[in-house]
Amino acid sequence: MCGIVGYIGYRDAYPIIIKGLHRLEYRGYDSAGVALLNENDKLNIYKKAGKVSNLENFISDQDASGHIGMGHTRWATHGEPNDRNSHPHQSGNEKLAIIHNGIIENYGPIKEELISRGHVFISDTDTEVLIHLIEDIQKEACLDLKEAVRVALNEVIGAYAIVIMSKDNPNQLIAARKGSPMVIGVGEKEFFIASDATPIVEYTKNVIYLNDNEIAYIDENEILIKTIDNVIQTPYVHALELKLEMLEKGGYDHFMLKEIYEQPRSIHDCMRGRIYPLTGKVQLGGIKDYADKFKNADRIIIVACGTSWHAGLVGEYLIEEYARIPVEVEYASEFRYRNPIISEKDIVIAISQSGETADTMAAIELAKEKGATILGICNVVGSSIPRLTHAGVYTHAGPEIGVASTKAFTAQVTALTLMAFYMAQTKGTLSQSKLINLLTELERIPELVEKALLSNDLILEIAKKFKDSRNALFLGRGSGFPVALEGALKLKEISYIHAEGYPAAEMKHGPIALIDEEMPVIVIATKNSSYEKVISNIQEVKARKGVVLAIVTEGDTEVRAMADYTIEIPHTDEAFLPLLATIPLQLLSYHIALLRGCNVDQPRNLAKSVTVE
Ligand code: AGP
């Protein structure tokens, strides 16, 4: 969490930084701050609790000049979100300033030691300790700033992406990374630093992804990258594929709504060039060297968090059904702290939209140590997880900016579907004719999602009925169960209504006690193998006066007769049900949240990339 931006060059730094902070606000919005070095080498630092717009208002009548500067948008870990704990933080002599994304785990003992040597701290943050440590090393060991930063980074334990500015070195930014993302944009006589490429893309397409344990010493003409062991590195300059319009709302009121409506395209982009319905072939270039691994795999373990974990549950159904490989789906945060039994014949699939989730990264490291093959399913190109895994598949959903994941989920499910079919093709567990049928139907999914989106007006009307609910229950069976979990997560994270997802048949083992006329029960009741069973579950809810909203297959009459509200989705093969049934649930939570006056793109307490455990 936390977003960082830096600039050095010939342009005014402030507009670049503030725009960059708006783009990175999805990473945290507890407070924001900037540091700018003006032409008299005065270091102006402005910081404010709350959103970036608060900071912007505050700075409007201040000196925001300078061609070198940096900014930070915070998701609070150490210290409450107030002005004092906002970044940038300064050294005791006020000559150095730092911004930081990550956690310095051993800040406690370092702080004690520094206090005993006379350092006075203003904030409660771990970050302030690091800048004091650098100042201390610089003074005590008589080192220049570059060397002092390097020595200090060898003393700290934890994760960081940092940028440092100094009054005494007015033409220099120092950036370093370990475990938190950092991209450096390379322009003509200018450099940009950011947590991701979104603040950079409109200025240059040339970027360097800093690796862990690397420090970049940047002035307006030159960049020098060294490891923290002082070994010079040759940077690789990548060409960005990101386009500016992908980062804008494009006429929609919210990024979440835009991203919901982008799904026909994002699902299509995920499949493009990978499926051949006429010949019944799936090609996944990223994992093509792993065909033998799939043939011999004892087991697949999927690790992920949140929405990505829900996609993993859908993957479990698909892989077991079509490739006949046993699958376990694990919360990365739990998996990493167990002593899981993993063999070299296991394949671990890590799923992450951001490619930066700390728990998922730690789960990958653990499985790697134990000898498993690690494959990734990620959306953000160049993020950390694709670099940690042995191979993988990008989802190509495009940037997802709304904190609540929507198109990333359906793209992950699409990628898992492709993987399941690819494994089945490799193992020979699916006949050619069945694969041709499945791929032919899969190719139609973007068009069917388009149709599902046509229910938006109806969903808004239903949202009006449910907007004041305090609780909601989401039920589904089979692959409808992860859809129910995902529907519940969407509702709770953006509307703050308590919601639970449950396997429909489990309801009678406890949750049924919650049902009364106040309780909306949203049921995935499409025509598939568990249809009849779900009908029985709906009857159980109705017998207890629950209010039922059913997601049904178009033309359904049976469920319509018993449910209070129904939303139709087009008919499709059971394999692809989650891709369609999720759509109305996303729209439902969007409208409910909006009717309740919630901030749908930036729900409270959340951040898009969870880079701390
Ligand atoms: C879902 O809407 C949330 N944004 C969250 O659960 C998210 O899916 C989770 O934090 C995992 O993120 P990742 O996919 O970037 O790893």
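**Entry 1: the chain as a whole**

I began with the secondary structure, and the chain comes to 19 helices and 27 strands. Both are DSSP runs numbered from the N terminus, with at least four residues for helices (H or I) and at least two for strands (E). I note that this is a predicted model, in which local features need pLDDT of at least 70 and side-chain atom pairs count only at pLDDT 80 or more, while totals for chains, interfaces and linings use all residues. Residues are numbered from 1 along each chain as its sequence is written, and side-chain values use heavy atoms, with hydrogens and water left out.

I then looked up the overall dimensions. The C-alpha atoms fill a box of roughly 80 × 55 × 45 Å along the principal axes. The chain has a radius of gyration of 26 Å, which agrees with the value near 25 Å for a compact globule of 613 residues. This radius is taken over C-alpha atoms, and the globule rule is 2.2 Å times the number of residues to the power 0.38.

Buried residues make up 61% of the 613 residues. Here buried means under 20% relative accessible area, exposed means over 50%, and partly exposed lies in between (1.4 Å probe, protein chains only). Of the contacts with a separation of 6 or more, 71% join residues 24 or more positions apart; contact means heavy atoms within 4.5 Å.

**Entry 2: an open sheet**

I followed one sheet in detail. Its 5 strands form an open sheet in the order E19-E18-E20-E21-E22, with parallel pairing. The edge strands are E19 (327–331) and E22 (391–394), each of which pairs on one side only. Neighbouring strands are turned by 20° against each other on average, direction ignored. Two strands pair if DSSP finds at least two bridges between them.

Which strand pairs with E18 over 5 bridges? I found that E18 (residues 299–304) and E19 do so in the parallel sense. Ala-304 has Tyr-331 in E19 as its bridge partner.

I next looked up two helices that lie across this sheet. Helix H11 (residues 358–369) lies across E18, E20 (346–352) and E21 (373–378), and runs at about 165° to E20. Helix H13 (residues 407–427) lies across E18, E20, E21 and E22, at about 140° to E21. For these angles, axes are lines fitted to C-alpha atoms, for helices over the stretch in contact, and values run from 0 to 180 degrees between N-to-C directions.

**Entry 3: salt bridges**

The structure holds 30 salt bridges, each a side-chain nitrogen of Lys or Arg within 4 Å of a carboxyl oxygen of Asp or Glu. One of them joins Arg-299 and Asp-346, with the closest N and O atoms 2.7 Å apart. Arg-299 lies in strand E18 and Asp-346 in strand E20, so the pair ties together parts that are 47 residues apart in sequence. Are these partners buried or exposed? Arg-299 counts as buried at 18% relative accessibility, and Asp-346 is buried at 3%.

Another salt bridge joins Lys-527 and Asp-556, whose closest N and O atoms are 3.9 Å apart. Lys-527 is in the loop between E25 (520–524) and H17 (531–543), and Asp-556 is in the loop between E26 (547–553) and H18 (558–562), 29 residues apart. Lys-527 is partly exposed at 42%, whereas Asp-556 is buried at 1%.

I also recorded Glu-568 with Arg-560, at 3.0 Å between the closest N and O atoms. Glu-568 is partly exposed at 29%, and Arg-560 is partly exposed at 40%. Finally, I noted that Lys-19, Arg-23 and Glu-202 are linked in a network of salt bridges.
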